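Let's take a stroll through a protein chain and the small molecule it holds. Have a look at the picture first, then read on.

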Amino acid sequence: MDTKYLIANWKANKTLREAQQWVQTFVQQERKARQYVVCPPFPFISHLAETGRGIFSVGAQDMSQYAAGPYTGEVSPYNLQDLGVKYVILGHSERRKFFGETSAQVAQKVEQALSGGFTPIVCIDRNEFQAQADQIDRSYYSRMIIAYEPVHAISTFGGQEDPIETTVETVMQLQEIFDEAPVLYGGSADSQNSLIYLQQPAISGLLVGKASLDPLEFSKM
Ligand code: PGA
């Protein structure tokens, strides 16, 4: 069985000092056998890539749909070269809801991410997965990771978890649609419930928001 992913999405939280403290604490913990990925805000990427080497990989939480060029405020795939970034979260429901990101834009970002050599972690809600799949070039599916994130289960939007059977069923549907790409689950995962998800063979890992902010909690998942 492949080692399961445990991916921290810090969102717009933490100062540099707090990020440094998180790493210091996390590296000292006894950890499970997981593929750890930490996705901090852009300014902390370099620091985490250096200090977490050998313990966790680093990802970005978003990326421009455009290549390098005159796009003030954007972070292009070109900017993310040479920083040690391996993964990029795309199409998170907060981006879709608060910033009006569309599935067409997410599909463009997937293309940019792959051309930059990054593995896209594409977040998909239950209501939109066929629409999202239709926008993305099918030849890319096998190079992506899917994160199934029912919006109502994310702590930001209320944290109402579904029964595990419903989650597994949906994850398997996504695997089929996306040509057996690994499918993660995300939505209020923490050290109390993580094993319920991680012991399911269909679920390849967890995308963790709130609980990832605490290094002790994250290391127990
Ligand atoms: P949560 O966030 O773990 O705080 O629910 C998950 C996510 O937004 O990816």
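Which residues are around the ligand? Keep in mind that this is a predicted model. The residues around the ligand are Asn9, Lys11, His92, Glu149, Ile154, Ser155, Gly187, Ser188, Leu207, Val208, Gly209 and Lys210. Sort that shell by class and you get three nonpolar, six polar and three charged residues.

Three of these neighbours make polar contacts with an oxygen atom of the ligand, as the table shows.

| Residue | Part of the residue | Distance to a ligand oxygen atom |
|---|---|---|
| Ser155 | N or O atom in the side chain | 2.5 Å |
| Ser188 | polar backbone atom | 2.8 Å |
| Gly209 | polar backbone atom | 2.8 Å |

How much of the ligand's accessible area does the protein cover? On its own, the ligand has 280 Å² of accessible area, and the protein covers 99% of it.

Now zoom out to the fold. The chain has eight helices and eight strands. The strands form a closed barrel, running β1-β2-β3-β4-β5-β6-β7-β8 with parallel pairing. From one strand to the next, the twist averages 25°. As a bit of background, strands of a sheet pair through backbone hydrogen bonds, and they can do so in a parallel or an antiparallel way.

For a single example, pick out strand β6, residues 145-148, and strand β7, residues 183-186. These two pair in the parallel sense over three bridges. Try finding Ile146: its bridge partner in β7 is Val183.

Finally, what about the overall size? Along the principal axes, the C-alpha atoms of the chain fill a box of roughly 45 × 45 × 35 Å. The radius of gyration is 16 Å, which agrees with a compact globule, because a globule with 221 residues would have a value near 17 Å.

Notes: Residues are numbered from 1 along each chain as its sequence is written. This is a predicted model: local features need pLDDT of at least 70, side-chain atom pairs count only at pLDDT 80 or more; totals for chains, interfaces and linings use all residues. Side-chain values use heavy atoms; hydrogens and water are left out. A residue is near a molecule or strand if one of its heavy atoms lies within 4 Å of it. A polar contact is a pair of N or O atoms within 3.5 Å; within protein, one must be able to donate a hydrogen and the other to accept it, and residues adjacent in sequence count only if both atoms are side-chain atoms. Accessible areas come from the Shrake-Rupley method with a 1.4 Å probe; for residues, only the protein chains shown count as cover. Ala, Val, Leu, Ile, Met, Phe, Trp, Tyr, Cys and Pro count as nonpolar, Asp, Glu, Lys and Arg as charged, and the others, Gly among them, as polar. Two strands pair if DSSP finds at least two bridges between them. Helices (H or I, at least four residues) and strands (E, at least two) are DSSP runs, numbered from the N terminus. Axes are lines fitted to C-alpha atoms, for helices over the stretch in contact, and angles run from 0 to 180 degrees between N-to-C directions. The radius of gyration is taken over C-alpha atoms; the globule rule is 2.2 Å times the number of residues to the power 0.38.
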